[in-house]
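Dear colleague,

I am handing over the structure below, together with notes on what was found in it. Please read the notes with the model open beside you.

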Amino acid sequence: MLRALLLLSLLAGSAVAQAPEGWTRLHVGDGLAHNSVYAIHQDREGFLWFGTLDGLDRYDGYAFVTHRHDPADPTSLPHNLVRSLFEDADGTLWIGTQNGVARRRARAPGFERFAVPADRATGDRSVFEIVRDRHGTLWAASAGGLLRLDETAGRFVRALDGVAHGLALRADTLWVLGGDAPEQSRSLVQVDVRRRRVSGRWRVETAYGTPLALDLDGEGRPWITGEGPAAFDGDRVDGGADYTTRVVEALGDGEMWIGGVGSGVRRCAEAGCVDALVDPERPDWIHNYVRAVAEDRTGAVWVGTYGGVYRWDPAQKPFRTFGHRPRDPASLSTPAVSALAEDAEGRIWVGSFDGGLDRLDPVTGRVQRFGVGGPRGPVLWSLWALLVDSRGRLWAGGGSGLAQVDTQTGRARVVPGVAEALGGSVATSLAEDADGRIWVSSFGGLVRVDPATGVVTSFPMTGDGRGPSRDVVNTVRADGGHLWLGQPWGGLDRFDLAAGRFLPVPLADDGDGRLTGEATYDLHPDGDGGVWVATASGLYHARADRILRHLTTADGLPGTVVYSIQPDARNRLWLGTSRGLARFDPATGDVAAYDLADGIGMMEFNRAARLRTRDGRIWLGGAEGVVAFDPDAIRADERAPTVVLVGAEVASRAGSRAVDTRALDRLVLGPAERTLTVTFSALRFADPAATRYRYRLDGLDDGWVEAGTQRQARYTALPPGDYTLRVRAVTPDGVASEHEAVLPVRVTPRVWETGWFRALALLALLGLGVVAYRVRVGQLLAVERLRLRIAGDLHDDLSSDLSGIALATDLLGRRPGLAPADRQRLADVRDAATSMVDALRDIVWAVDPAHDSVEAFGRRVRVVAQRLLEGHAHTLDIDLGAPGGPLPMAVRRELMLILKEALHNVIRHAGAGRVAVTLRREGTRLTLAVADDGLGFDPAVVREGHGLGSLRARAARLGGTLDVVSAPGEGTRVALAVDLARNREARQRRWAVPWAERPPAP
């Protein structure tokens, strides 16, 4: 009696809790380790964990990672049957199995095993539930009793004997549902965890069965069945008569969820309780035997059964679906729906292509099947269109023409003359004009029916505006004083009812703003003289004379083919397409798409199967039934995703290795590992495949990489260095993740890519350069020494011989009796020998690097001038300023040759009485001048004579200027000016030119 009163007080309220609908299922075909799911938990990162009959699964919304028992691996699970899961505040996961407990630390690989005391009678070591109190003690309900973890000893010890099935903790009070040894009768025990002693014990009495579940509601009351809070009566608890309860779970909003044996779930809130099957499509006990219930951080509820794990999201889009179930006569008679209509009593009539006609109660969801039948059998062999006219009459069009249906009995009556007017063709669409006449489109043309008189009028194709432009009319819609007609193979007609004229409007842009050849499936007049057209290539907005807009998948439509158009009260267009449902707002241009993950129940809709009921709800028919919804209740999901790194793969030429990124502060790639693939997830379990990602690798990427729905970042040939990978996620409703997933990455350089190796290599190169330089300099010095020695030897040997020749010829030339001609020949030989000796001296002087200075050159000028001008009156003016300044051999040689050429010209041609030689240096400018007071000449007449061409050529090679000043009878002055600095730059530029491009030396 007490239990009944408590339950009545719980159920008192204005309304009962809403039955959860729209479950989504995961099973072994999706990667689940086993369909039998005993435990569910969401960890602090957001991953979901499922304890199954055959292992422990981690789920990220895309894929499962399964952990199993391996007899050869002591770090694996102790058993494959996982019964319970619990997570500590530091992220440590405790796993209760059929054979003890396992611990998985947050940043450590593998599992640590803990043995537990066994049931004294059976040896069973199953662990059913684990909790930790606020004093740090870990408790476990097991087949061996209530257990406590001795942290010092690292083992579980028995705190209470007997089987413990359930635990519930609130403050310092631990509730234990179990059995007392030795008789194993059921009891509810209260334990003071601070003092570690029993503070209360009650005997659980039931009419039949054994309670196996326990949790506390928002007021701290224990629930052990689905009949309400436990009813205490002295030393006993009334367990009621509910033997089917296997799970009791308190959710964050105060609701209590109870799972039963084959009965699905019971959802209890403050307003009351409601029962619901988890899988109405599979009403068998396997798919509705509940073993686990958990709520994730978004408020979605997960239910584990023997048929897989199910998810229900209270924030999901409120789509309601109605389908065909083969063994359920209260479901639709056939899956494919072709037409919809609402009668005067608010009931929904559903037609199908195979002739089925159903009446659906939108409140209960129950269906009554009729077919389009008459007293002698089916009236229409195929049903394409339904219409409730302004007087509440239901019309059905299809094979064999047009029929009127009694909405109370479902009996149908064929309208005479229509089938004949259509030529036996199918009636494809129905419309009512302002005068109450019914228009019927068909593959055989257009027909008008006057219900008042029964007159049937046919409008065949004429081509002159008095009939449709095509003989096949697919769709007809009334628009005030006009009709819009669509053809299945392209084209659109606008019929002026008052004038009786048809105006053809082609469909599809031909480049001139007009429409051609597009199949039409549905029409919706816009109320302003235009029409929206559903076609095989998108949605058109057209007037009689032009296209206003064309929407395709590029604008956000989920499918290319648009089958149906239904506006809501806010003039937004809801479009049934070939790949899901779309909402288009003509005022803003926004397009939103919905698919199976949103609960629409099907992906392909049917032509013109649409309806807006008087309460504003929209109904759409398709290949797998009907979906109904309140358009104002379809809102964006504002929940932000939590993006995490799932794992990584590092590859080299030798192979690849998987990396658990959760255990890393930094991912380090070896010297040979230059390929990195990182997998991530938004941990968004509502339509995860529609989540979009973007990522960037700081240190390599200049901006964000838009990955779309791909959830991997892959990099190849990574240079050595430090990087940071950042990942973001965005939901289909445009909500971005609040935080980035971040992974520091270091690519270890190969030996030859390290800084120290490069420094050593640079030092080695510098050392080699120094060695090579010294070797080269040594070689050059050796060559130079050899050159000097050879030149000296030549000078010594040849000078000696030539001097001997000169002396001998001079002595011979003095002998008396020589003919004048012979004496002259001997003088010439003597002069030649003397000249050659002088030339040898000049060569030896020129090649000696000891003379590479301006001062040495000045001394040489003095010697040469004095020798050549011997016997001539002359002056030497040499002023070189402060010592210093190099003068390379090539420059010295050219300068010396210019001086000797100028002096020889004076001696041979000038007939001068006096010669002046001047050598001066002013800064970097060197001036060499030879002046005489001889005969002179006219430079305008004599340009290349007297060796002037040779002098100018040598001056040009030096980069200097040669000035020749002379006049007949006034002597001659030859002056050479050279800028030594510019001369050095010119020589450097010359040697900087590639050898192949260097001009040949003159």
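Which order do the strands of the open sheet of four strands have, and with what pairing? The order is β31-β32-β33-β34, and the pairing is antiparallel. Its edge strands, each of which pairs on one side only, are β31 (339-342) and β34 (367-369), and neighbouring strands of this sheet are turned against each other by 25° on average, direction ignored.

Before going further, please note that this is a predicted model, in which local features need pLDDT of at least 70 and side-chain atom pairs count only at pLDDT 80 or more, while totals for chains, interfaces and linings use all residues. Residues are numbered from 1 along each chain as its sequence is written, and side-chain values use heavy atoms, with hydrogens and water left out.

The strands here are DSSP runs (E, at least two residues), as are the helices (H or I, at least four residues), and both are numbered from the N terminus. Two strands are taken to pair if DSSP finds at least two bridges between them; the angle quoted above is taken between N-to-C directions of lines fitted to C-alpha atoms, for helices over the stretch in contact, and runs from 0 to 180 degrees. Within the sheet, β33 (residues 357-360) is joined to β34 by three bridges, and Asp358 has Arg369 in β34 as its bridge partner.

A second region worth your attention is strand β64 (residues 692-698), where Tyr693, Tyr695 and Leu697 make up the covered face, whereas Arg692, Arg694, Arg696 and Asp698 make up the uncovered one. In a regular strand the side chains alternate between the two faces of the sheet. Seven bridges join β64 to the antiparallel strand β67 (residues 721-730), with Tyr693 opposite Ala729, and three bridges join β64 to β65 (residues 705-708), again antiparallel, where the bridge partner of Tyr693 is Gly708. β64 and β65 form a hairpin with six residues between them, and Gly699 in the turn has a positive phi of about 100°.

The same hairpin strands carry a salt bridge (a side-chain nitrogen of Lys or Arg within 4 Å of a carboxyl oxygen of Asp or Glu), in which the side chains of Arg694 and Glu706 meet at 2.9 Å, N to O. Arg694 lies in β64 and Glu706 in β65, twelve residues apart. Accessibility is graded as buried (under 20% relative accessible area), exposed (over 50%) or partly exposed (in between), with a 1.4 Å probe and protein chains only; Arg694, at 24%, is therefore partly exposed, and Glu706, at 54%, is exposed.

Another salt bridge, between Lys317 and Asp598 (3.7 Å, N to O), has both residues buried. Lys317 lies in the loop between β29 (308-312) and β30, and Asp598 in the loop between β56 (591-594) and β57 (605-612), so the pair ties together parts that are 281 residues apart in sequence.

Finally, the search of the whole structure finds 37 aromatic pairs, counted when ring centres of Phe, Tyr or Trp (its six-membered ring) lie within 6.5 Å, with planes under 30 degrees apart called stacked, over 60 edge-to-face and the rest tilted. Phe322 and Trp619 are stacked, because their ring centres are 5.5 Å apart and their planes stand at 15°. Phe322 is in strand β30 (residues 320-322) and Trp619 in strand β58 (residues 618-622), 297 residues apart, and both are buried.

With best regards
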